Each structure stands twice: as structure tokens, then as C-alpha cells.
Amino acid sequence: MEQTKKEKNELFEWAKALLIAFAVAAIIRYFLFTPIVVDGDSMMPTLENGDRMIVNKIGYKIGSPDRFDIVVFHAPEQKDYIKRVIGLPGDHVEYKDDQLYINGEPIDEPYLDQYKAEIVDGNLTGNFKLQDIVQTDVIPEGYVFVMGDNRRFSKDSRHIGLVDQKEIIGNTNLIFWPVSDIKIVK
């Protein structure tokens with residue numbers, strides 16, 4: 001009888017430990033970090049189709065994204081997109097002759113250098129002004145303008161409009177799979 005009581009107690013302790021472990025894992029995944037798989041080529045060469053990344057949710061519950069952050073957000077198509085923040089609230093965004101201008105100032109985008117060097121015809125990014133896309137001169141408070149790094153083949157704010165910051169899940173810059181490609185991206 002003593003043996004049966006001991007076995008029940010040990011079984012209860014194991015069940016309790018597993019329940020706590022699952023609860024901690026769920027809390028971490030829901031509130032702090034979650035994995036995501038890159039689907040498509042819109043962020044090449046920075047991110048490859050199939051890369052597995054960790055989304056950091058911590059900072060986006062508290063603050064706003066920074067320019068050039070790579071963010072994950074809920075897109076209108078009931079799908080999560082991974083794009084780069086280009087314009088912030090109050091910004092005027094324009095592209096002219098493959099050069100980004102924010103509030104009239106030219107802005108370097110070093111993460112595009114590899115793609116720009118490979119282009120043999122035309123520009124990587126076509127000319128546009130913010131008001132041509134969203135009928136406003138500046139990005140309103142609470143919204144951001146996002147673009148994929150593979151500018152010719154990216155469905156981004158040029159197509160879906162501005163992204164409400166409430167739709168941003170978090171930022172991501174850590175590729176954890178495949179193992180040969182583990183790195184922090186900028």
C-alpha cells in the first residue's frame with residue numbers, strides 16, 4: 001500500500017511538472033517570442049524562402065518600431081507578412097532614381113547594395129511618392145510604411161497601403177534554421 005501511494009505521488013509530481021512546462025512555453029510563445037517561417041522571396045537577399053526566424057514581441061507591446069526594423073504583421077489577406085519599416089509617423093516618403101528620400105533627405109539603404117549591384121536593366125525600386133499611394137503627404141500617427149527588400153517582387157505598402165502599428169506582431173532579426181544559415185540580419 002505504501003508503494004502505491006508513492007507511485008501516485010510521483011505520477012502527480014510528473015503531471016504537475018509537465019503542466020507547468022506547457023504553461024511556461026505557452027506564455028513565452030504568446031507574449032514574448034514566437035517562431036515564424038519566411039514564405040516567399042519578397043525579402044531577398046536579406047531573408048530566403050523557408051528561413052525560420054524568432055519574432056520578438058516584447059518591444060512592440062511597449063513602443064513603436066524603428067526605421068529599417070524587419071517586422072512581422074497581420075496583412076489584409078489574413079496572412080502574416082515580413083517586411084522592413086521604411087516610413088514612420090510624420091514622414092514623407094519618396095523614391096526617385098532608386099534613391100529613398102525621407103522628408104526630402106536622401107537615406108542610405110545598405111541592405112539593398114547586393115541587389116542593386118546585380119541589376120542590369122532599370123532600377124530596383126520604381127519611382128513613387130507617398131501621396132500617389134495613400135493620398136496623404138505624411139504618414140499618420142499609428143501607421144508605418146513597409147517594403148520588402150526584393151522591391152521588384154514584393155507586395156508591400158505600395159500595394160496594401162500603410163500598416164496599422166496595432167497589426168505589428170513584433171520584430172525579427174534572428175534566423176535559427178537552417179543551421180548553416182544561423183545569423184542576425186540587419
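# Working through a predicted fold

Valine 71 is found in strand β3; strands (E, at least two residues) and helices (H or I, at least four) are DSSP runs, numbered from the N terminus. We're looking at a predicted model, where local features need pLDDT of at least 70, side-chain atom pairs count only at pLDDT 80 or more, and totals for chains, interfaces and linings use all residues. Residues are numbered from 1 along each chain as its sequence is written, and side-chain values use heavy atoms, with hydrogens and water left out.

## Exercise 1: valine 71

Task: Work out whether valine 71 counts as buried or exposed, and how far it is from valine 146 in space.

Solution. Start with the cut-offs: buried means under 20% relative accessible area, exposed over 50%, and partly exposed is in between (1.4 Å probe, protein chains only). Valine 71 has 0% relative accessibility, so it counts as buried. Next, take the C-alpha atoms of valine 71 and valine 146: they're 8.7 Å apart in space, though the two residues are 75 apart in sequence.

## Exercise 2: the whole chain

Task: Find how many helices and strands the chain has, and what percentage of its residues is buried.

Solution. Count the elements and you get five helices and 12 strands. Then look at burial: 38% of the 186 residues are buried. For the surface, use the Shrake-Rupley method with a 1.4 Å probe (for residues, only the protein chains shown count as cover). That gives about 11,300 Å² of accessible surface, 56% of it belonging to carbon and sulfur atoms. Finally, go to contacts, meaning heavy atoms within 4.5 Å. Of the contacts with a separation of 6 or more, 59% are between residues 24 or more positions apart.

## Exercise 3: the partners of β11

Task: Name the residues in β11 that stand opposite isoleucine 54 and valine 72.

Solution. Two strands pair if DSSP finds at least two bridges between them. Strand β2 (residues 52-56) pairs with β11 (residues 168-177) through five bridges, in the antiparallel sense. Here isoleucine 54 faces leucine 174. Strand β3 (residues 70-75) also runs antiparallel to β11, with three bridges. There, valine 72 has glycine 170 as its bridge partner.

## Exercise 4: an open sheet

Task: Explain why β7 and β8 each have one side without a neighbour in the sheet.

Solution. First write down the order of this open, four-stranded sheet: β7-β6-β5-β8, with antiparallel pairing. β7 (105-107) and β8 (128-129) are at the edges and have a single partner strand each, so one side of each is left without a neighbour in the sheet. Now step inward: β5 and β6 (residues 99-102) pair antiparallel over four bridges, and glutamate 94 has tyrosine 101 in β6 as its bridge partner.

## Exercise 5: the aromatic rings

Task: Decide whether the pair of tyrosine 95 and phenylalanine 128 is stacked, edge-to-face or tilted.

Solution. Rings of Phe, Tyr and Trp (its six-membered ring) pair if their centres lie within 6.5 Å; planes under 30 degrees apart are stacked, over 60 edge-to-face, and the rest tilted. The structure holds four aromatic pairs. For tyrosine 95 and phenylalanine 128, the centres are 5.8 Å apart and the planes are at 35 degrees, so the pair is tilted. This pair links distant parts of the chain, with tyrosine 95 in β5 and phenylalanine 128 in β8, 33 residues apart. Next, phenylalanine 128 and phenylalanine 145 make a stacked pair, at 5.7 Å centre to centre and 25 degrees between the planes. Put the pieces together: Tyr95, Phe128 and Phe145 form one aromatic cluster.

## Exercise 6: aspartate 91

Task: Find where aspartate 91 sits and which side chain its own side chain makes a polar contact with.

Solution. Aspartate 91 is in the loop between β4 (79-87) and β5 (93-96). With 6% relative accessibility, aspartate 91 counts as buried. A polar contact is a pair of N or O atoms within 3.5 Å; within protein, one must be able to donate a hydrogen and the other to accept it, and residues adjacent in sequence count only if both atoms are side-chain atoms. The aspartate 91 side chain makes one with the side chain of arginine 67, at 2.6 Å. Leaving aside neighbours within four places in sequence, the contacts of aspartate 91 include Ile86, Leu130 and Val138.
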